[in-house]
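Please look over the sequence and the model shown below, and then follow the paragraphs that lead from one part to the next.

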Amino acid sequence: MKTCQVFAAYDRDATTQHGWAYCPMCGSGLVRPTRGEPEKTCENPACAFVLYRNPTPIIAVLIVDGDRFLLCRRKRETFEGGKWCLPCGYIEFHEDYLTAGRREVKEETGLEVEITALLSVASNFLRPDIHTLAVCVLAKPVGGAACPDDDVDELGWFSLGDKLPSFAFSADRHMVERYFATRLSGAPVDLAYARQV
Ligand SMILES: [Zn+2]
């Protein structure tokens, strides 16, 4: 199966600017970048702050139990609401990504998991203002009781032979299909963070 790690839902070269108008350090105006440069700079020479723009790191967790995997239906009001995705979420500034993965799974599904491998990393150009860098890990359930919560309103265990629901993110679908097609073992993870100790 072809490997894919970059998923673009729009022409990402056409729109690279962000909407900030004023410098967050001194309140002066921000100077628009020349075409092709995504960062803005403060117009106050004494400040010279540069506002960089970077993708947002998120964690996505493929939970596998035998031949089944878990998907979450996103609440209506969320981005791509009503569609399905792997348990996922933003990595907080104070968190390592393995702990973030266990936390997001617990918040969205009620399940406790042990992360068993690092599967892939994907660039997701979802919308001109949403670009995520998703770390995808493999996990197995080790406890808890399945119950949708947070920005999820339904959980479902699926097998690849089932009629699958509409996926919110192409990267998730690719990751699921690739895992079951290849059973790639992935890279080992640090168990001090990958499971509750
Ligand atoms: Zn400034």
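In this predicted model, a good place to begin is with the aromatic side chains, where Phe69, Trp84, Phe158, Tyr179 and Phe180 together make up one aromatic cluster. The structure as a whole holds six aromatic pairs, and one of them joins phenylalanine 69 to phenylalanine 180, with ring centres 5.6 Å apart and an angle of 45 degrees between the planes. That pair counts as tilted, because the name covers planes that are neither under 30 degrees apart, which would be stacked, nor over 60, which would be edge-to-face.

It helps to find these two rings along the chain as well: phenylalanine 69 belongs to strand E6 (residues 68-74), while phenylalanine 180 belongs to helix H2 (residues 170-182), so that the pair links distant parts of the chain, 111 residues apart. Both phenylalanine 69 and phenylalanine 180 are buried.

From here, turn to the zinc ion, which is coordinated by the SG atoms of Cys23, Cys26, Cys42 and Cys47 at 2.3 to 2.4 Å. Along the chain, the donors of the zinc ion follow the spacing C-x2-C-x15-C-x4-C. The angles among the four donor atoms run from 98 to 113 degrees, and the site is therefore called tetrahedral, since that term asks for all angles to lie between 85 and 135 degrees.

How buried or exposed are two of these cysteines, cysteine 23 and cysteine 26? Cysteine 23 has a relative accessible area of 4% and is therefore buried, as the cut-off for that word is under 20%. Cysteine 26, with a relative accessible area of 36%, is partly exposed, because values in between 20% and 50% receive that name.

How values were computed:
Residues are numbered from 1 along each chain as its sequence is written. This is a predicted model: local features need pLDDT of at least 70, side-chain atom pairs count only at pLDDT 80 or more; totals for chains, interfaces and linings use all residues. Side-chain values use heavy atoms; hydrogens and water are left out. Donors are N, O and S atoms within 2.8 Å of the metal (3.2 Å for Na, K and Ca); water is not among the atoms, so sites may look incomplete. Four donors count as tetrahedral if all angles lie between 85 and 135 degrees; four count as square planar and six as octahedral if opposite donors are over 155 degrees apart and all others between 65 and 115; anything else is irregular. Buried means under 20% relative accessible area, exposed over 50%, partly exposed in between (1.4 Å probe, protein chains only). Rings of Phe, Tyr and Trp (its six-membered ring) pair if their centres lie within 6.5 Å; planes under 30 degrees apart count as stacked, over 60 as edge-to-face and the rest as tilted. Helices (H or I, at least four residues) and strands (E, at least two) are DSSP runs, numbered from the N terminus.
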